[in-house]
Amino acid sequence: MLPVSGTLATPGKNSPRADAVLTAPEAGLPVMFVEVDNGTENPVVLSSKAARYREFFRRTVKPTTPSGKPTPMWETLYGPLEGKGYPPLAIVFTKQVGATAMNNRINSVMRLTEAHWAGQYCEFATSYGSGEYDNYTDYADAVPILVTTLDRLREHGPLGPVWFRFGHSTWQTLTDALDNPDDERAFTRRQRRRDQLRKQQREQEEQQRERERQEARERWAAQEAAAEAAREPDPVCQQCHGPLESSPFEYDPWEEEAPPADGVHCAGCRSQLAEPTSRFGRVIRRLVNGNEHYPRR
């Protein structure tokens, strides 16, 4: 008996009793609970056993240490599985019936037990604000239910494609039937691939932006070079070869006393070339010509 309540010696009411408990580590099967159906029970009664198995699998025992976690009771009896979830429940149909009748019986049991084997549907956005979603099924609280027939076992053996896992689409080997191709592992692989593609796209976009920035810098440099080449040089004074015009941002005392601009001489040279007409002009003329020691009047 597999006690849903009570103890192993005195199990509670409605505790399931497996017809067989098999183990085949070499086939990746730590433990499997087997129900043999000879057709004497209707699908409702047969399906109710899945609920009792699930209740037993959910039962835990207190931790042996203060910091420990509760342990599933079935693990203390049969050892843990390699992955998450519960051990499989296999239903072997032994009654000789036609293919249609057998399919109808299997479909009835599958439909009635769906709440116990289907797992929990989980959906997530693939990235923040993307509006795209992906999903997986969490089988941590689901009982894997496998069915087969005695004829199939006789023909192919237990390791052949004789198992139909509720929720799967075809007859499979035991290893494939126990696998969960739509669980979190597959979602994680897809998410990792999406992250890699998004990273590559970001890098490509950044490279494209950098190319555009570099092209813009090169165009600006070419435009500046072309403008510089086309720009006429600033006019120079024919006398001193300095700037023809003084800077508008600096004070030039020559501009106040110099003759009007003639287009060929700067203010200083115009003042030198002009005939002094005032005492100040004569002083400036002597200073420019280097004659600092002139007689005072």
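The following paragraphs describe the sheet, the helices that lie across it and the nonpolar cores of this predicted model.

The description begins with the sheet. Six strands form an open sheet of mixed pairing, in the order β1-β2-β5-β8-β9-β10. The edges are occupied by β1 (20-24) and β10 (171-172); each has a single partner strand, so one side of each is left without a neighbour in the sheet. At the β1 edge, β1 and β2 run antiparallel and are joined by four bridges. Within β1 and β2, Leu22 stands opposite Met32.

Two helices lie across this sheet. α1 lies across β2, β5 and β8, and runs at about 150° to β2. α3 lies across β2, β5, β8, β9 (163-165) and β10, and its direction is at about 155° to β5.

In soluble globular proteins, nonpolar side chains tend to be buried together. Here, the largest nonpolar core comprises 26 residues, and Phe57 and Phe166 have the most contacts inside it. At least two residues of this core come from each of β2 (29-37), α1 (43-58), α2 (73-78), β5 (89-93), α3 (99-112) and β8 (145-149). The largest share, five residues, is supplied by α1. A second, separate core has eleven residues, among them Leu29, Met32, Ala90 and Trp163. Met32, a member of this second core, is also the residue in β2 that stands opposite Leu22.

The surroundings of Phe166 can be given in detail. Apart from its neighbours within four places in sequence, Phe166 is in contact with Ile106, Val109, Met110, Thr113, Trp117, Ile145 and Val147.

Key: Residues numbered from 1 in each chain as written. Predicted model: local features only at pLDDT ≥ 70, side-chain atom pairs only at ≥ 80, totals over all residues. Heavy atoms only, no water. Core = buried A, V, L, I, M, F, W, Y, C linked by side-chain atoms within 4.5 Å. Buried < 20%, exposed > 50% of the residue type's maximum accessible area, 1.4 Å probe, protein only. Contact = heavy atoms within 4.5 Å. Pairing = 2+ DSSP bridges. Axes fitted to C-alpha atoms, helices over the stretch in contact; angles between N-to-C directions.
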